[in-house]
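Me: Could you walk me through this structure? I'm new to it and would like to ask a few things.

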Amino acid sequence: MISVKDKVVIVTGAASGLGEADARMLAAESAIVIMTDINADTGQRIAEEIGATFFQQDVSSESGWSDLINLVRSQFGRLDALVNNAGIAVIANIETTTADQWRRTMATHLDGTFWGCQSAIPLMKESGGGSIINMSSTAALVGIPAYLAYSAAKGGILSMTKSIAVHCKQQKLGIRCNSIHPGSISTPMVHEAVKTLAGIDMTAMPDVEQGRKDMGIGEPDDIAHMVTYLISDASKHINGAQIVIDNADTVV
Ligand SMILES: NC(=O)c1ccc[n+]([C@@H]2O[C@H](COP(=O)([O-])OP(=O)(O)OC[C@H]3O[C@@H](n4cnc5c(N)ncnc54)[C@H](O)[C@@H]3O)[C@@H](O)[C@H]2O)c1
């Protein structure tokens, strides 16, 4: 049975898009949700609405992670799952990417995911195991020209995930680690990209399902269902997997 009831779960980047959808679905399924984001106003508002806890965090900061884990340990006494979801998507290719764009992308995605996994594992060990979900992208599998740094960072998340999964299995920690690779999903990040790259205002397209059919763009709950499953014990044999959710847009 797919249940996340009473599981203590951290979702980063939960004030928007995929992270928000994860937090909403997990809270609706009776998980104990800790939402984090750099955007405190929106994050706090959503947390109050769904009965979650909000913690302001920049995922690229190591000290922020130890503060977060200390809070979770003292308030909830355990940690069952971490969704490393926070991200940015700078539109720049190999010829135009600046040093600042490169470093910000690596700091958010790679440092953020690394600190998240390293910080969460000790508390998950104390809790008897856990599930880590790292949000990668189909960009990790094909390398998108307009997203040079993003593709590189998401590729790093893919291999970091596998390394962590095998380590945790070898050490018999009871901790699983999987990556999800969404194609285009209707979130503010993608609305911005579609506007910049194709001149289309998706926010003016009220019918999400039509957007999916016409433009191949999925909806946040398509990812949240998988996150919920990967956190549940029903997925206990899934470890080190790269799960593509793109309706065959990227078949490699
Ligand atoms: N939407 C898609 O089509 C898609 C596809 C593949 C992968 N992804 C990945 O999914 C994740 C979520 O993307 P989204 O589409 O929901 O984007 P989004 O822009 O809607 O939301 C991202 C959230 O992350 C937060 N954030 C950014 N930098 C942060 C930091 N340093 N510390 C803490 N929070 C930070 C933002 O404030 C925002 O709330 C990202 O990792 C993204 O790369 C999205």
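Here are some questions and answers, starting with the ground rules.

Reply: This is a predicted model, where local features need pLDDT of at least 70, side-chain atom pairs count only at pLDDT 80 or more, and totals for chains, interfaces and linings use all residues. Residues are numbered from 1 along each chain as its sequence is written, and side-chain values use heavy atoms, with hydrogens and water left out.

Me: What radius of gyration does the protein have?
Reply: The radius is taken over C-alpha atoms, and the globule rule is 2.2 Å times the number of residues to the power 0.38. For 252 residues, that puts a compact globule near 18 Å, and the protein agrees with this at 17 Å.

Me: How many residues surround the ligand?
Reply: A residue counts as near if one of its heavy atoms lies within 4 Å. The closest are S16, D37, Y150, I185 and T187, and the whole group numbers 29.

Me: Which helix gives the largest share of the shell around the ligand?
Reply: Helices here are DSSP runs (H or I, at least four residues), numbered from the N terminus. At least two shell residues come from each of α1 (17–28), α4 (99–126), α6 (148–170) and α7 (188–198). The largest share is three residues, and it comes from α7.

Me: Which residue has a side-chain N or O atom 2.6 Å from an oxygen atom of the ligand?
Reply: Polar contacts with the ligand are pairs of N or O atoms within 3.5 Å. On the backbone side, an N or O atom of I38 is 3.4 Å from a ligand nitrogen. The side-chain partner at 2.6 Å from a ligand oxygen is S16.

Key
Polar contact = N/O pair within 3.5 Å; in protein donor to acceptor, adjacent residues only side chain to side chain.
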